[in-house]
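Hi,

Here is the model I promised to pass on. Have a look at it first, and my notes follow below.

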Amino acid sequence: MEDLRVWYHTPQGPVKAVDGVSFGLLKDERLGLVGESGSGKSTIALALMRLIRPPGKIEGGAIDLDGVNLLTVGDEAMRRLRLAAIALVAQGAMNSLNPVVRVREQIVDAMRDHGEKLSKQAANARVASLLDQVGLKPEVADRFPHELSGGMKQRVCIAIAICLRPKVILADEPTSALDVVVQRQVMDTLGRVQEQLGASVVLVGHDMGLMAQFADRLGVMYAGRLAEVSPVREIFADPLHPYTKLLIASLPSIEEKGRLNGIPGLPPSLLNPPGGCAFHPRCPFAMPRCAVEDPRLQEVRPNRWVACHLFDPDQPRPTDLTQVNGSTHAPGLIGAPDSDGPTGLAGPTGTTGTTGTTEA
Ligand code: SF4
């Protein structure tokens, strides 16, 4: 994805839901996209499927899947690529399934609609095999969606998503309506089928625990942009961007009881986002330049990409990193960036030339 921009046009003006996002996805990789509501992560998933509806519009950018730009192929070609090359497991399984059509017909319909010529016997065998892959018994094929539990419905959605062996599976908060035990089972199922297919997964969500267990790499979104992209272990062990630090500091701990540390302030309105770094009104490290200069996503250590002026090579460090921008944080609540400055500073690769739109 290169410099993707998706705006929702409202009578008050454009809402820049995704504003210059670029990232790469490797084969077999599991990339998590996290952020608060309205940060643009679900819009990215819809844009990858080219399912943005008015008043939303993809304003620019490119999404290259094995040499095919998904944003410029014709409508019919894109329809064929959905499921066959890139598939979505959407939020809320009940809304994704037709309530008055049996599971078998919904799976077979997806396959036939993409040109698979299947006899009745072959279709039944494929359905049974797909259900088995997601841990469901063959008799589920004859049920209506309302006869299934939430976890079973979500597994049926995964079965449909993998029926044509796509290269990329998008999972948009696939477990948001499920209890934690079923969440775990569904994520295990998703991980297992991904490994069987050798597919890549983009997992969209706000559950950091789920991300820690599932993703290889994490992209942290804020106000329609990527604030940080790093391997998941490193991001939890040593978050770099101030927003990521606060996000991780806000997670409850099973070892310690006490008040949870929220992130001060509210996410900005994307209709009138703050100038400069969109996080500056909430950032405890904000400096005068943060209100006017847009930070660029840059690789500040190997495989660690951050959009923050604190990591600019020429940026002097604030002396008291616990009291900046008028907001006080208990020392130790958020760790300061390395006092020696970030190591391994390297020029960003794949820079598009647009502020904040560097390929990670
Ligand atoms: Fe905070 Fe400035 Fe970095 Fe934005 S650029 S996260 S305001 S220090």
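Is Phe-144 buried, partly exposed or exposed? Keep in mind that this is a predicted model. Phe-144 has 14 other C-beta atoms within 10 Å. Being buried takes 20 or more and being exposed 12 or fewer, so Phe-144 comes out as partly exposed. You'll find Phe-144 in the loop that links α5 (120–133) to α6 (150–161). Leaving aside residues up to four places away in sequence, Phe-144 touches Pro-99 and Arg-102. Glu-105 is 39 residues from Phe-144 in sequence, with a C-alpha to C-alpha distance of 9.9 Å.

Now the sheet. There are 8 strands in an open sheet with mixed pairing, and the order is β7-β8-β9-β3-β10-β11-β13-β12. At the edges are β7 (86–89) and β12 (298–301); each has a single partner strand, so one side of each has no neighbour in the sheet. From one strand to the next, the twist averages 25 degrees.

Starting from the β12 edge, β12 pairs with β13 (residues 304–306) in the antiparallel sense, over 3 bridges. One bridge partnership to look up there is Gln-298 with Val-306 in β13. On to β11: β13 and β11 are also antiparallel, joined by 2 bridges. Across that pairing, Val-229 stands opposite Trp-305 of β13.

β11 (225–231) has a second antiparallel neighbour in β10 (217–222), and 6 bridges join β10 to β11. Met-221 has Leu-226 in β11 as its bridge partner. These two strands, β10 and β11, make a hairpin with 2 residues between them. In the turn, Ala-223 has a positive phi of about 50 degrees.

How much of β11 is buried? The count is 6 of its 7 residues, so β11 is largely enclosed by the rest of the structure. Helix α10 (residues 242–249) lies across both β10 and β11, and runs at about 105 degrees to β10.

Last, the ligand. Which residues are closest to the ligand? They are Cys-277, His-280, Cys-283, Cys-290 and Cys-308, out of 13 residues that surround the ligand. Sorted by class, that shell has 11 nonpolar and 2 polar residues, with no charged ones.

That's what I have so far.

Cheers

Key: Residues numbered from 1 in each chain as written. Predicted model: local features only at pLDDT ≥ 70, side-chain atom pairs only at ≥ 80, totals over all residues. Helix = DSSP H or I, 4+ residues; strand = E, 2+ residues; numbered from the N terminus. Contact = placed C-beta atoms within 7 Å. Near = placed C-beta within 6 Å. Nonpolar A, V, L, I, M, F, W, Y, C, P; charged D, E, K, R; others polar. Pairing = 2+ DSSP bridges. Axes fitted to C-alpha atoms, helices over the stretch in contact; angles between N-to-C directions.
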